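Student: Could you walk me through one part of this structure up close? I'd like to follow a single sheet and whatever surrounds it.

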Amino acid sequence: MAVIQKKICMLGSFGVGKTSLVARFVQGIFSGKYLSTVGVKIDKKQLRVGDKDVLLLLWDLAGEDSRSQVQTSYLKGAAGYFLVVDGTFAESLVTAKSIHKRAVETVGEMPVMLIVNKSDLWGRWEITMPELERLQAEGWSVQVTSAKTGEGVEKMFHTLTEQILKKKSPAEDETTP
Amino acid sequence: MGSTPADLKRDSQYDRDRDELAELRALLLGQQIVELQALQQRLDDPNVRAEEISQILGKAVALSIKRDSGLQRSFYPVVEQALKVSIAKNPAIIATSLAPIIGEAVRKAVAGAFRTMVETINFTLERSLSWESMKWRFEALSTGKSFGEIALLRSLRYKVQQVFLIQRQTGLVLQYVAAPGEGISEAELASSMLTAIGDFVSDAFTAKQSQELGVVQTDDFTLWVHHGPEATLAATILGTPPPELKNVLARENELIHKEFAGAFARFNGDSSIFDGTRPHLQNCLLGQTARPQKQSWWWLVALAAVILAAVALEFFVYRHNRHWNEYLTRLHSEPGIVITGWKKSWSHYDIAGLRDPLAPDPVKLAADYGIDPVRVTGHFEPYQSLDRRFAVQRAFDTEKQALEQLLILFQVNSSGLMPDQSVRLDWIEEHLDKLQQAANALGRKIHIKLYGRADQTGAESKNAALSKERAEHVLAALLARGIPADLLSVVALGTNEPIRHGSEAYQLEVNRSVSLKVESQQSGDR
């Protein structure tokens, strides 16, 4: 069975822990300076989902802040993406939603997961549980993680990959009318 | 055939039944019948149906496209036909619509072609006169291949290390080949990063999305990228690649697009469907190792030889000039030689001037300065130098010559002087004194031999004695005049070495004589 390659993007505010989540998951070859220069750092990770070997190419995009917006052109050709927010910083959720809106405008609907990071700092969270439940009710796929302890990290990549594989491409439909 | 009464009765019964059925139907299905009639009308009336379909057509097409591409396939011949008709009817409409796109595409193509042309011209100029290119031209002639093809194969200036086939949109690597001994294990990451950098360059530095990264260059590493509609072909190259390589990349990428059009549409991340592209990628693995070191070594040797030759030549010219200048200086300082002009060609010299006969031969002097006298031609007019050394020498020579030409004559068969010969002895005294002075100035020591002679008449034994007597007579006379004895000696020649041969009276007379022979040598040479 051949390996299936998929491009995945990490989106979110500056400082929410996107790079740390990727670093927790993979071992890459590019240094962090790419993020600040080119605005993206790419790592890869192979994992097995069901009976399929999938090679994820993780595009870690530079975080958004008041001065610069995420380069949504890097999303082109992605199979799915993570919206990462910082549980201790409610504003990051607002930013994530605005990034999501722009992403949908640029590249259309595709599998997306909302990652609420920094579960190790639970006591200082500004985003409340009812709020997360409401988001889930709205249809968001939500995962709580900690890049520090590793909680939920493996799971988030597996879940999104499953969603991507489940979503059949039009080309695949064509072969099974 | 007419109707019977029974028939009529049956008919009226039938009509009655029918009316009742219609009534029953109206009672039971009244509303539905109206609706059915309306429906019937909708189906029958093409205007109504068109009106209705127009309302749902858009949505139906959208749904169909979403489900599969069957509709596109069905429409494709229609659209093609429609385009044909439209262009035949009024080409201006399509032309106007396409103009903005075509303009852009043409601009890009022309710019690309110009860039390639300039690079080709540069490269051609650079190599057109080299020995290598001559060999390549010969090979092209003998094999019937184009010169460009041979250059591409034989060029030692570059090596394609790796070739990537990358899906444009996702940056995923579809296929990857590397030259033996080259390559990296992270082709997927390199491919994605290249795409990201391409996006970055496009976003950050160019106003138009359609402008794309074509070349990445460092000192000895080049990345050439050819963009197709679906996939990008990227080659990493060591050294300086020839412009023709760009054509190879373009050609292979176009072939891949042609042969794998279906695979691009089907691609879902499984790159094994692109395994068939490997031969195309391998066609791009051109070139050999970078120009071998040996080559530059030969250049160094050649350069060193040229420098050495130049230095040697410079040295010889310098030495040559130095010798010539020293020789000229010597001639200028040499008494009795005056240089009025000279001409020097590559291997020959002409010198003109004046030369005192007493001065050394200027041409022969050249040998003292490492110049072959054969290569020197002298044009010297004789003159008399006023230099003191020459004046003294000349005085010495004059006195010597005068003294040696003088004869003291004697009477027949006697050692008695002819009349008036004592005047000659006085003259000798005077001129010997001058000769002595000149000899002293020249640092020479002189000695005078008095040769006594007799004429051929009479007995030989008598003649010998007579000649001796005559010489001694002169010796005695000179000693009497105060000339030092050690300066003089006598030689009796008898009839040997006569002044004149013959037996005439005037010939015999000069042989009855004494003559002087001046001998000289440098002081201390004895």
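Tutor: Here is a look at the chain A sheet, followed by some spots in chain B. This is a predicted model, where local features need pLDDT of at least 70, side-chain atom pairs count only at pLDDT 80 or more, and totals for chains, interfaces and linings use all residues. Residues are numbered from 1 along each chain as its sequence is written, while chains are lettered from A and ligands numbered from 1 in the order in which they are written.

Let's start with the sheet itself. Chain A has an open sheet of 6 strands in the order E2-E3-E1-E4-E5-E6, and its pairing is mixed. At its edges are strand E2 (40-49) and E6 of chain A, each pairing on one side only. From one strand to the next, the twist averages 25°. A word on terms: helices (H or I, at least four residues) and strands (E, at least two) are DSSP runs, numbered from the N terminus, and two strands pair if DSSP finds at least two bridges between them. Strand E4 (residues 80-86) of chain A runs parallel to E5(A), with 6 bridges between them; A:Val85 has A:Val116 in E5(A) as its bridge partner.

Now for the helices. Helix H3 (residues 91-107) of chain A lies across strand E1 (4-12), E4 and E5 of chain A, at about 160° to E4(A). Chain B also contributes: its helix H7 (residues 187-205) lies across E1, E2 and strand E3 (52-61) of chain A, at about 140° to E2(A). Those angles run from 0 to 180 degrees between N-to-C directions, with axes as lines fitted to C-alpha atoms, for helices over the stretch in contact. Two residues are in contact if their C-beta atoms, placed from the backbone, lie within 7 Å.

Next, the loops of chain A. A:Lys118 sits in the loop between strand E5 (112-117) and helix H4 (129-137) of chain A. Its phi is near 75°, a positive value in a residue other than glycine. Most residues other than glycine have a negative phi. A:Lys118 counts as buried because it has 24 C-beta neighbours inside 10 Å; the cut-offs are 20 or more other C-beta atoms within 10 Å for buried, 12 or fewer for exposed, and partly exposed in between, with C-beta atoms placed from the backbone. A:Glu151 belongs to the loop between strand E6 (142-144) and helix H5 (153-166) of chain A, and with 16 C-beta neighbours inside 10 Å it is partly exposed. Setting aside neighbours within four places in sequence, A:Glu151 contacts A:Ser119, A:Thr145 and A:Ser146. A:Glu151 and A:Asp120 are 31 residues apart in sequence, yet 8.6 Å apart in space, C-alpha to C-alpha.

Over in chain B, take strand E1 (residues 158-167), where 8 of the 10 residues are buried. E1(B) is joined to strand E5 (residues 231-239) of chain B by 9 bridges, running antiparallel, and B:Gln162 is the bridge partner of B:Thr236 there. E1(B) also pairs antiparallel with strand E2 (residues 173-178) of chain B over 5 bridges, with B:Val163 opposite B:Val177. In the hairpin of E1(B) and E2(B), with 5 residues between the strands, B:Gly171 has a positive phi near 80°.

One last spot is B:Glu497, in the loop between strand E11 (488-494) and helix H16 (505-511) of chain B. B:Glu497 has a positive phi of about 45° although it is not a glycine, and it is exposed, with 11 other C-beta atoms within 10 Å.
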